[in-house]
Amino acid sequence: MSPRIEGHALPAGSPPPPGFKPLGTTGLWCHPLGFGCYRVEEDEPSHEAALRAYLERGGNLIDTSANYTDGGAERTIGRVLRETDRSAVILVTKAGYIQGDNMRLAQSRNFPEVVRYGPGLWHCIHPEFLATQIERSRERMGVATLDVLLLHNPEYFLMACAKRSITTADHEEFYRRIREAFAFLETQVAAGVIRFYGISSNHFPLSADDPTHVSLARCLAQAESVTPNHHFRVVQFPLNLLETGAVTEINNDDLTPLEFCATHGLGTLANRPLNAFARQRLVRLADFIPPGSQMVLDDLSQRLSPLRDHEALLVADFGLPLMSGKGLADWLLQLAPRLDSPLVWEQNAYRLVIAPVQQWLGQLAPPSRQKAAFQSWRERFIELANDALACVAHFAAAQAQPQSDEIRQRLRAFGYADDGQTLSQMAINTLRSLPNLSCVLVGMRQEAYVTDALGVLDLPPVDGVSILRQSATIQLQAAAP
């Protein structure tokens, strides 16, 4: 049997596969791109197919969380792992959120030190709660041992304190809780339940002056106070073209987060490589339509003409009213100018369009002698309506493309020679080129996304540090509405 990468270690004397990176000092070697399971649904076959495609094409790191789709992501992973060599996969999961099923558990168990951050959103890293999460994650994925367990955004404690006025005592309590969690996780390592642990925090890259900043140095100190031979070895943080703090913010012993991790042997996982937040607004770092192309409202109106003409037959042939008195085609044209991105359309399509259409169709009552003809009209209407929804989705995508084009032009000005690459590939390649970053976690819920992301491996590396430092100076401009 030829040597192969294994999640637990490389075979003795075997070199790592080309392009693989060490996960800090864990002894594990990981694919430079990991499969991020945020929003992976257990009842969506395409998501499971995408995960299988990632593994079949050489990927070996899966990142998930107990709260991703309320445990559905972990159950999907479990189905795939039953047909996969477990030793070939590095399995990373996270714990801390209390939502959905965990909310029902917490309400029945009354765990200590729960942060009640908001309605439907609690958080906890107390050992009693972590114990339930580890057991549930192992059961959902059907594994005896978790390779890495991360505390999932423990900064909720600090954020809750900041709602009033955060104090030095609050910070001391925060790191005390981190230490107690680490002490418990060391017992889980000793029991063989997990192999390594760490923290996933959106606040590692923040300025040290921010009262909710999470200090890597102080977290490491907590682990060292538990035992010199601690297993705190992996951290996760957001990093992308517009949120560059992990590379540019000096906030730990005169080092950036990425430099600090490299100095202390911590494996590093970057999340949100394609979903950037700037000015409290989500910016998707991807192409939505071919770069440079556009679609205006007149184009959409023309594409909706078949639907509009068919709707007119409802009044002329059956004497029945149009939806909302104006018809679906005209309603979509009225709605379209408010759609400035595919995400806005995705979040509002059901509430604003699909549900009202279904309700309206259910209320239509044609004369009994025309039922057969009406059924034919109805079937054609549904076909045209679905075509119209696709046109609106394309229109919404077109509204976001100019921003993507702008970001691409800025990357070129920073020295990135893209040679026809997609913007998502440029964004991912910038991060995977960073020498001290172990793995870029990419959401790949469709096989096409797997193909696009893994295509980065065939691209020449770029000077990621230089590009991100330059990008940091213009991130708000690039993200402006």
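**Exercise 1. Find how big the largest cavity is and which residues line it.**

Solution. Step one is the size: the largest cavity has a volume of about 80 Å³, in what is a predicted model, where local features need pLDDT of at least 70, side-chain atom pairs count only at pLDDT 80 or more, and totals for chains, interfaces and linings use all residues. A cavity here is a set of points, on a 1 Å grid over the protein atoms alone, where a 1.4 Å probe fits but cannot get out. The volume is the space filled by probe spheres set on those points, which are joined across faces, edges and corners. Step two is the count: searching the whole structure gives two cavities of 30 Å³ or more. Step three is the lining, meaning residues with an atom within 4 Å of a point. Among them are Glu113, Val115, His123, Cys124, Phe157 and Arg177.

Keep in mind that residues are numbered from 1 along each chain as its sequence is written, and that side-chain values use heavy atoms, with hydrogens and water left out.

**Exercise 2. Work out whether Cys124 has a disulfide partner.**

Solution. Start with the rule: a disulfide is a pair of cysteine sulfur atoms within 2.5 Å. Now look at Cys124: the closest cysteine sulfur sits in Cys161, 14 Å away, so that's too far for a bond. The whole structure, in fact, has zero disulfides. Last, check the surroundings: Cys124 is buried at 1% relative accessibility, where buried means under 20% relative accessible area and exposed over 50%, with partly exposed in between (1.4 Å probe, protein chains only).

**Exercise 3. Sort the two sides of helix H3.**

Solution. Helices (H or I, at least four residues) and strands (E, at least two) are DSSP runs, numbered from the N terminus. H3 covers residues 100-109, and its buried residues are Asn102, Met103, Leu105 and Ala106. Looking down the axis, these fall within an arc of 160°, so they line one face of the helix; the arc is that of the directions from the helix axis to the C-beta atoms. On the face turned away you'll find the exposed Arg104, Gln107 and Ser108. The buried residues pack against strands E6 and E8 and helix H4, with contact meaning heavy atoms within 4.5 Å.

**Exercise 4. Put the strands of the sheet in order.**

Solution. Strands pair if DSSP finds at least two bridges between them. E6 and E8 run antiparallel and are joined by two bridges. The full order is E6-E8-E7, an open antiparallel sheet. E6 and E7 are its edge strands, each pairing on one side only.

Note on methods:
1 Å grid on protein atoms, 1.4 Å probe; cavity = no way out; pocket = protein on both sides within 12 Å on 5 of 7 lines; lining within 4 Å.
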